[in-house]
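Colleague: Got a minute to walk me through this chain? I'd like to start with the strand pairing.

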Amino acid sequence: MDLQEIRKIVELMNEHGLTYFDLTGEDFHIKMKKGPDLEALRGLIGSIPAAAPAAVAAPVAAAGAPAAAAAPAAEGAEITSPMVGTFYRKPAPDAANFVEVGTAVSEGQTLCIIEAMKVMNEIKAERSGTICALVAEDGNPVQFGDVLFRIK
């Protein structure tokens, strides 16, 4: 494999938004990664103590509202982000939100969109119920496992 072929592969990776490429031939093996090592990041995220997010959330709740108002936000099952990306509550800037607090949803219904690498991924309800809290903010980044909604 010569330098021209490698440059062509890099151009194709950039053109199609690829971050990983692995090719094996008779007399060569080439592996290319672009961007952060996601496996290493997942390992780091998994090693963060569970008490750290609670310690950050507690002062915000105490400063913003009384403890009684914070209790209803904890009820219901969590719907979490399956990926890293940007969270959107509606399909287009001028469209209505997919769901609001109090919306009854059925299994398979679209709840939001997470944009990852310029691809819009619909996030669907895994069970039926009623949305009781909107946790993620529209247009903000979310991480794998972040709570997006609560459903009961």
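**Strand pairing**

Modeller: E4 and E9 run antiparallel and are joined by two bridges. Keep in mind that this is a predicted model.

Colleague: Which residue stands opposite Val142 in E9?

Modeller: Gly85 does; Val142 in E9 is its partner across the pair.

Colleague: And how many bridges join E4 to E6?

Modeller: Three, between E4 at residues 85-88 and E6 at residues 110-116. Those two strands are antiparallel as well. Within that pairing, Phe87 stands opposite Ile114 in E6.

Colleague: What about E6 and E7, parallel or antiparallel?

Modeller: Antiparallel, over six bridges. Cys112 faces Ile123 in E7 there.

Colleague: How many residues lie between E6 and E7?

Modeller: Two, and the strands form a hairpin. Met117 sits in the turn, with a positive phi of about 55 degrees.

Colleague: Put it together for me. In what order do the four strands sit in the sheet?

Modeller: The order is E7-E6-E4-E9, and the sheet is open. The pairing is antiparallel.

Colleague: Which strands are at the edges?

Modeller: E7, residues 119-124, and E9, residues 141-142. Each of these pairs on one side only.

Colleague: Remind me, what holds paired strands together in general?

Modeller: Strands of a sheet pair through backbone hydrogen bonds, in either a parallel or an antiparallel sense.

Colleague: Let's zoom out. How many helices and strands does the chain have?

Modeller: Four helices and 10 strands. Along the sequence the pattern reads α-β-β-α-α-α-β-β-β-β-β-β-β-β. So the chain opens with a helix, and the pattern closes on a run of strands.

Colleague: Change of topic. What share of the residues is buried?

Modeller: Buried residues are 20% of the 152 in the chain.

Colleague: And the exposed surface, how much area is that?

Modeller: About 10,300 Å² for the chain. Carbon and sulfur atoms supply 59% of that area.

Colleague: Last one. What share of the contacts comes from residues 24 or more positions apart?

Modeller: 52%, counting the contacts in the chain with a separation of 6 or more.

Key. Residues are numbered from 1 along each chain as its sequence is written. This is a predicted model: local features need pLDDT of at least 70, side-chain atom pairs count only at pLDDT 80 or more; totals for chains, interfaces and linings use all residues. Side-chain values use heavy atoms; hydrogens and water are left out. Two strands pair if DSSP finds at least two bridges between them. Buried means under 20% relative accessible area, exposed over 50%, partly exposed in between (1.4 Å probe, protein chains only). Contact means heavy atoms within 4.5 Å. Accessible areas come from the Shrake-Rupley method with a 1.4 Å probe; for residues, only the protein chains shown count as cover.
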